[in-house]
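Let's take a walk through this protein, going from the overall picture down to one residue. Have the sequence and the 3D view open as you read.

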Amino acid sequence: MSTKLIPASSALWMMRIESSVFRHEVDACAAAASALSDRYEPIEALARWLHRFAHFVATKRGLKTALHSGDPAYENLPAYFEQRFVPVVAELLDAAAASGGIRSGVVPYDLLRAISSIVEPDDEAYTRRMIDLLVDGLRYQTG
């Protein structure tokens, strides 16, 4: 439904609801890391969470456009996204590095951007293969 046909106050209300739903979904995705860490070895928890995050990204078609639309309802979401996901990834990376499963020094934000860049919403198998390849690359250690 086009928001051009909806009164401005109703359109704003709908955008606020969408923003609220998005925040709830971000929180649920971030919270999944703890449960995965409790259940799996650190590298497996990281890999499973990255797949979960990729699914989250894949289901958010049009989000990038909305986030960069200049609309006040969406302007705080990129910061919220970063505040919730970067610490989660940092914790998963730190645990995996401490276990010797991956190299240290991986920048959490870089990893999130890499996953976001390889997600193909219409080809889940491709996305899974690329994440597995990326995780294999994290295992590489010099020395």
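**From the whole chain to one valine**

Of the 143 residues in this protein, 35% count as buried, meaning under 20% relative accessible area, with exposed being over 50% and partly exposed in between (1.4 Å probe, protein chains only). Keep in mind that this is a predicted model: local features need pLDDT of at least 70, side-chain atom pairs count only at pLDDT 80 or more, and totals for chains, interfaces and linings use all residues. Residues are numbered from 1 along each chain as its sequence is written, and side-chain values use heavy atoms, with hydrogens and water left out.

As for secondary structure, you get six helices and zero strands; helices (H or I, at least four residues) and strands (E, at least two) are DSSP runs, numbered from the N terminus. Contacts, meaning heavy atoms within 4.5 Å, are mostly long-range: among those with a separation of 6 or more, 70% join residues 24 or more positions apart.

Now look at helix α2, residues 42-58. Its 17 residues reach 24 Å from first C-alpha to last, close to the 24 Å expected at 1.5 Å a residue (that is, 1.5 Å times one less than the number of residues). Because 12 of those 17 residues are buried, α2 is largely enclosed by the rest of the structure. Among the buried ones are I43, W49, H51 and F53.

W49 also turns up around V89, which sits in helix α4 (residues 77-98). V89 is buried, at a relative accessible area of 0%. Leaving aside neighbours within four places in sequence, V89 is in contact with W49, P108, L111 and L112. The C-alpha atoms of V89 and L112 are separated by 7.9 Å, though the two are 23 residues apart along the chain.
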